[in-house]
Amino acid sequence: MSHHDDHPPVTDWINDWDWLDDQWGENAINIWNDVREQCPVATTDRYGRAYMPVTMEGVSAVAKDTENFSSMWISVTRPDGPRSPAPPITSDPPEHADHRRLLLPAFNPRKMAAMEDEMREFCRSLIAKLDGDDSADAAEQYAQHIPVHGICKITGMPEEDADRFRDWIYRSLQLAPKDNEVRAAVSSEMTAYIEVLLNDRIKNPKDDLLTEVAVAKFDGVDVDWTLKVGYIRLMIVAGIDTTWSALGSGLWHFAQHNDEVQRLVAVDNDDPLWGTAIEEVLRYYSPVTMARRVLNDVEISGCPVKADDQMLLTFPAANHDPAAFENAHEFQLDRAKNRHVAFGLGVHRCAGSNLARMEMSIGTQEWLRAFPNYSLDTTKKTKWANGQVRGPRNIPVNLNR
Ligand code: HEM
């Protein structure tokens with residue numbers, strides 16, 4: 001069956017939403033705001049029965065309730081789709097805690113601080129490659145390389161394979177939810193690739209996360225091989241596209257708000273304005289939407305849901321809820337109270353948030369300082385990725401040196 005038969009363009013976002021619809025990428029914020037004015041939870045039957053809460057109250061209730069909502073399904077997709085483990089994100093309590101504990105040390109604030117200078121050098125080297133150019137693509141020539149560099153430094157994966165990572169991410173997030181064959185193919189390609197790296201580290205241990213995972217034990221017992229492959233699968237899927245999208249959204253935004261750029265470049269890198277600016281990019285452009293499998297018949301925001309239904313975990317929609325943020329629709333560079341949930345909440349809260357924040361801060365600082373008058377080239381179109389990780393895939397800009 002062709003995808004188009006299955007997925008005609010959405011005309012009713014309350015009863016027939018689709019996170020892979022062409023309108024989602026560019027317009028998701030307006031879509032969530034419109035739905036919220038009418039009801040707290042939208043539904044669809046396009047992937048079996050699935051729900052979409054759009055309020056902070058509904059999203060928090062799902063995220064905190066691991067008894068009724070399982071992470072065994074983290075994407076709204078064909079219900080018969082094959083699913084590969086990627087712990088801890090696909091695990092439920094109590095096992096979840098062990099998996100999370102195994103990964104967390106790789107992302108602690110001390111390690112991130114130690115990476116900062118080298119990351120700044122890396123950003124400058126990307127900017128140096130634009131030497132003499134009048135225009136650029138701030139996504140393809142800049143933002144997308146920064147998280148690949150970070151994740152390769154931490155895991156020990158080869159950075160030359162970046163195109164392969166991006167291809168897997170594109171196919172697994174944008175195509176696989178509608179197509180089980182794509183899902184199975186990407187999964188087996190990734191497994192084969194990761195197995196080679198893990199086997200290499202068993203023979204040639206290094207000081208990297210691949211080695212730690214390759215030899216990981218719980219209570220003296222070797223961790224299952226499929227789970228070891230799963231940790232690295234998660235590093236590729238969670239660590240690259242997410243930060244690329246968040247950093248890119250910020251660069252896309254600032255390309256259209258030079259007054260904000262001028263305020264930022266006028267202060268030092270450790271000024272609190274940089275901190276509030278990055279948090280506001282995270283709130284406003286919040287790239288990551290997750291999902292859960294409903295385990296029991298329960299209610300969410302007064303809406304009954306049934307066991308085996310799917311539940312979108314729309315963190316970005318919660319970040320635009322006027323009940324949770326003053327003037328939620330406004331991008332405020334110095335927003336003081338900003339309890340956004342771009343990194344999720346509850347036991348699965350993002351394990352890589354320190355890395356993501358460091359990459360976003362340094363990446364944004366270096367770009368804005370190098371090109372304080374850059375602007376969006378509106379003669380070209382920006383394409384937005386829809387679905388699980390939303391963000392601009394290209395950011396055509398004039399550098400206006
Ligand atoms: C701006 C960038 C990022 C955003 C917005 C983001 C967002 C999220 C969100 C919303 C969750 C919660 C998932 C859930 O509740 O099901 C999550 C979990 C996770 N993220 Fe991130 N993430 C980002 C960057 C990263 C990076 C760079 C890494 C590094 C590899 C990473 C690793 C993880 C891991 C391992 C989990 C699972 C934690 C658990 O299940 O206990 N993320 N992330």
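**Exercise 1: the ligand shell**

Sort the shell around the ligand by class: how many residues are nonpolar, polar and charged?

*Solution.* Start with the classes: Ala, Val, Leu, Ile, Met, Phe, Trp, Tyr, Cys and Pro count as nonpolar, Asp, Glu, Lys and Arg as charged, and the others, Gly among them, as polar. Sorted that way, the shell has 21 nonpolar, seven polar and one charged residues. Before you go on, remember that this is a predicted model, where local features need pLDDT of at least 70 and side-chain atom pairs count only at pLDDT 80 or more, while totals for chains, interfaces and linings use all residues. Residue numbers start from 1 along each chain as its sequence is written.

Next, look for the residues that come nearest. Out of the 29 around the ligand, these are Gly 239, Gly 344, His 348, Cys 350 and Gly 352. (A residue is near a molecule or strand if its C-beta atom, placed from the backbone, lies within 6 Å of it.) Now for the elements: those giving two or more residues to the shell are helices H4 (95-103), H7 (145-155), H11 (225-239), H12 (241-254) and H16 (353-370). The top contributor is H11, with four residues. (Helices, H or I with at least four residues, and strands, E with at least two, are DSSP runs numbered from the N terminus.)

**Exercise 2: two helices against H16**

Describe how H5 (residues 109-128) packs on H16, then do the same for H7.

*Solution.* Take H5 first. Its axis comes within 9 Å of that of H16, and the two cross at roughly 30°. (Axes are lines fitted to C-alpha atoms, for helices over the stretch in contact, and angles run from 0 to 180 degrees between N-to-C directions.) Angles under 35 degrees count as roughly parallel, over 145 as roughly antiparallel, 65 to 115 as roughly perpendicular and the rest as oblique. H5 and H16 are therefore roughly parallel.

What about handedness? The crossing of H5 with H16 is right-handed. (Left-handed means that the near helix is turned anticlockwise from the far one by less than a right angle, and right-handed means clockwise.)

Then check who touches whom. The H5 residues that meet H16 include Met 112, Met 115, Met 119 and Cys 123, and their counterparts in H16 include Leu 355, Met 358 and Ile 362. (In contact means that the C-beta atoms, placed from the backbone, lie within 7 Å.) Altogether this contact has 10 nonpolar, two polar and five charged residues.

Now H7. Its axis is 10 Å from that of H16, at an angle of about 135°, and that makes H7 oblique to H16. This crossing is right-handed too. On the H7 side you'll find Ile 146, Pro 147 and Gly 150, which meet Leu 355, Glu 359 and Gly 363 of H16. By class, that's three nonpolar, two polar and one charged.

**Exercise 3: the five-stranded sheet**

In what order do the five strands of the open mixed sheet stand, and which of them are at the edges?

*Solution.* The order is S1-S2-S10-S7-S3. (Two strands pair if DSSP finds at least two bridges between them.) At the edges are S1 (41-44) and S3 (69-70), each with a single partner, so one side of each has no neighbour in the sheet.

Zoom in on S1 and S2 (residues 50-53): they run antiparallel and are joined by four bridges. Val 41 stands opposite Pro 53, and Thr 44 stands opposite Ala 50. The two strands form a hairpin with five residues between them, and Gly 48 in the turn has a positive phi of about 75°. Finally, helix H3 (residues 56-64) lies across S1, S2, S3, S7 (290-294) and S10 (310-313), at about 115° to S10.

**Exercise 4: backbone oddities**

Find two cis peptide bonds and a residue other than glycine with a positive phi.

*Solution.* One cis bond runs from Pro 87 to Pro 88, with omega near 5°. Another joins Pro 93 and Pro 94, with omega about 5°. Pro 88 sits in the loop between S3 and H4, and Pro 94 is in the loop between S3 and H4 as well. For the positive phi, pick Ser 301, at near 50°; Ser 301 lies in the loop between S8 (298-300) and S9 (303-305).

How values were computed:
Contact = placed C-beta atoms within 7 Å.
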